[in-house]
Amino acid sequence: NPLLQQVKRLFSSKKEREAAGLFAADGTKLLSEAVRYCPGLETVILSDGVEAALPEHVRLVRVPGDVMESISPMASPQGAVFLCRLPKEPPFAAKKGMLLLDGIQDPGNLGTILRTADALDVPVGLLEGCADPYSQKVVRTQVITTTWEEASRCCTQAGIPIAVTALDTQAVDIRQADVGTMAAVIGSEGQGVRREILDAADKKLIIPMNPH
């Protein structure tokens, strides 16, 4: 089935997502959120026996449970897979208290950061080298990607100081910093924040750990 083959490719390939202008997501709860907040919802695939209230324009496809297991990346599928149009990104705008993510490569880590930031209403910008925000472990709409050059320029123009997380003797305890007035950069899991960003930052921050 061409649709089911496409779903599997969308789950596994950023190139396929960009070429089709679509992303795939999995789960009944996420589907209910997409119905409420994602105008690009196009196609929903449900296992037999699973119900969902869908807008009239959305295509509904029914499949047996074993077929759902073959296309879902989840170990225990909830019986709902759906396709949405990739949203058009708004232009990057510097905001006080925002996070700039520099090369966060693990989709699970990126998804956790984005969901936590969204819960706290913290704006986020993705710099170069981050995992695809529309991979199935991340999936969040209204993500803004930008370059360090653009982010730095916008922050300077807006008068927003840039702070970086760094293992540095000059780093300030994050609990003693007014992070709500800054843009804070979090670096990649292995390398941390890039040197060019470290050198350009106005302040360095650290989250202190217990000695043990």
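**Contacts, burial, cores and a pocket**

Author: The side chain of Ser 135 comes to 3.1 Å from the backbone oxygen of Asp 132. This is a predicted model, where local features need pLDDT of at least 70, side-chain atom pairs count only at pLDDT 80 or more, and totals for chains, interfaces and linings use all residues. Side-chain values use heavy atoms, with hydrogens and water left out, and residues are numbered from 1 along each chain as its sequence is written.

Reader: What makes the link from the side chain of Ser 135 to the backbone oxygen of Asp 132 a polar contact?

Author: A polar contact is a pair of N or O atoms within 3.5 Å; within protein, one must be able to donate a hydrogen and the other to accept it, and residues adjacent in sequence count only if both atoms are side-chain atoms. The Ser 135 pair sits at 3.1 Å, so it falls inside that limit. The side chain of Asp 132 has a polar contact too, with the side chain of Arg 17 at 2.7 Å.

Reader: How do you know whether Ser 135 is buried or exposed?

Author: Buried means under 20% relative accessible area, exposed over 50%, partly exposed in between (1.4 Å probe, protein chains only). Ser 135 has 11%, so it is buried. Asp 132 has 13%, so the verdict is buried there as well. Across the chain, buried residues make up 43% of the 212.

Reader: And why does Ala 200 get its label, with a relative accessible area of 44%?

Author: With 44%, Ala 200 lands in the in-between range, so it's partly exposed. Ala 200 belongs to helix H7 (residues 195-200).

Reader: How do you know where Asp 132 lies, and what does Asp 132 touch?

Author: Helices (H or I, at least four residues) and strands (E, at least two) are DSSP runs, numbered from the N terminus. That gives seven helices and 11 strands. Asp 132 is in the loop between S6 and strand S7 (144-145), and Ser 135 is in the loop between S6 and S7 too. Contact means heavy atoms within 4.5 Å. Setting aside residues up to four places away in sequence, Asp 132 touches Lys 14, Arg 17 and Val 138, while Ser 135 is in contact with Arg 17 and Pro 107.

Reader: What makes a group of residues a nonpolar core?

Author: The members must be buried Ala, Val, Leu, Ile, Met, Phe, Trp, Tyr or Cys, joined through side-chain atoms within 4.5 Å. The largest such core has 29 residues, and Phe 82, Leu 101, Leu 110, Leu 114 and Leu 126 touch the most other members. Elements giving two or more residues to this core include strand S4 (80-85), strand S5 (98-101) and helix H5 (107-119). H5 gives the most, with four residues. Apart from this core lies another, of 19 residues, among them Ile 144 and Val 185.

Reader: What is the lining of the second largest pocket made of?

Author: Ala, Val, Leu, Ile, Met, Phe, Trp, Tyr, Cys and Pro count as nonpolar, Asp, Glu, Lys and Arg as charged, and the others, Gly among them, as polar. By that split, the lining has 20 nonpolar, eight polar and one charged. H5 gives the most to this lining, with three residues.
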